[in-house]
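Reader: I should like to learn how the features of a protein model are read. May we work through one example together?

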Amino acid sequence: GIVQSPTPHALDRLNLSLPSLDFHRFPASRSNQFSIKMTKGTTSFGKRHNKSHTACRRCGKVSYHIQKKTCSSCGYPAKKMRNYNWGQKAKGRRTVGTGRQRYMKTL
């Protein structure tokens, strides 16, 4: 049959005592607060401790994939720099006039 938890009166007959809980301090609605939930936020961020990318020696960004051994930003070790026409803003960040301009500023 189904085993049910003993009632307090049955415990008295068995001369067993349970630690007394103050149920007014722990309402039933609060007990569900600490149950395990599938969340995309705070709890998931605690699991992020493995690094897939490290600093690239060509562009300096943390975009060099350790296992693939390629940079997702500049394409290193490919000889040509990685750039696409759909990324106009990214092109503008590393085009002529964005560095020191050792020669251009004296023209």
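Reader: What percentage of the 107 residues in the chain is made up of buried residues?

Author: Please keep in mind that this is a predicted model. A residue counts as buried when its relative accessible area is under 20%. In this chain of 107 residues, buried residues make up 10%. The chain exposes about 10700 Å², and carbon and sulfur atoms supply 56% of that area.

Reader: How many helices and strands are there in the chain, and what pattern do they follow?

Author: The chain has four helices and three strands. Along the sequence they appear in the pattern α-α-α-β-β-β-α. One may also ask how far apart in sequence the contacting residues are. Among contacts with a separation of 6 or more, residues 24 or more positions apart account for 0%.

Reader: Where is S63 found, and which residues does S63 touch?

Author: S63 sits in the loop between β1 (53-54) and β2 (64-65). Leaving aside residues up to four places away in sequence, S63 touches H53, T54, T70, C71, S72 and S73. Is such a residue buried or exposed? Because its relative accessibility is 12%, under the limit of 20%, S63 counts as buried.

Reader: How many aromatic pairs does the structure hold, and how is each described?

Author: The structure holds two aromatic pairs. The ring centres of Y64 and Y76 are 6.2 Å apart and the planes stand at 55 degrees, so this pair is tilted. Y64 belongs to strand β2, while Y76 lies in the loop between β3 (70-71) and α4 (88-93), so the pair ties together parts that are 12 residues apart in sequence. Y64 is buried, at a relative accessible area of 18%. In the pair formed by Y84 and W86, the ring centres are 5.1 Å apart and the planes are at 10 degrees, so the pair is stacked. Here Y84 is partly exposed at 42%, and W86 is exposed at 68%.

Reader: How many disulfides does a search of the whole structure find?

Author: The search finds zero disulfides. For C71, the nearest cysteine sulfur is that of C74, 3.7 Å away. A disulfide requires the two sulfur atoms to be within 2.5 Å, so C71 is in no disulfide. C74 is likewise in no disulfide, its nearest cysteine sulfur being that of C71. As for accessibility, C71 is buried at 4%, and C74 is buried at 0%.

Reader: Which residues form a nonpolar patch on the surface?

Author: The patch is formed by V96, Y103, M104 and L107, which together have about 510 Å² of accessible area. L107, one of these residues, is in the segment after α4. At 69% relative accessibility, L107 counts as exposed.

Reader: What should one know in general about phi and peptide bonds?

Author: Most residues other than glycine have a negative phi, and most peptide bonds are trans. The backbone here offers cases to set beside that rule. K69, in the loop between β2 and β3, is not a glycine and yet has a positive phi of about 60 degrees. Q101 also has a positive phi of about 60 degrees without being a glycine. Q101 is placed in the segment after α4 and is partly exposed, with 32% relative accessibility. Finally, Y76 and P77 are joined by a cis peptide bond, with omega about 15 degrees. P77 is in the loop between β3 and α4.

Definitions and conventions: Residues numbered from 1 in each chain as written. Predicted model: local features only at pLDDT ≥ 70, side-chain atom pairs only at ≥ 80, totals over all residues. Heavy atoms only, no water. Helix = DSSP H or I, 4+ residues; strand = E, 2+ residues; numbered from the N terminus. Buried < 20%, exposed > 50% of the residue type's maximum accessible area, 1.4 Å probe, protein only. Contact = heavy atoms within 4.5 Å. Areas by Shrake-Rupley, 256 points an atom, 1.4 Å probe, with all protein chains shown as cover. Phe/Tyr/Trp six-rings, centres within 6.5 Å; stacked < 30°, edge-to-face > 60°. Patch = residues over 30% accessible without salt bridge, like charges linked within 9 Å, V, L, I, M, F, W, Y side chains within 5 Å. Salt bridge = Lys/Arg side-chain N within 4 Å of Asp/Glu carboxyl O.
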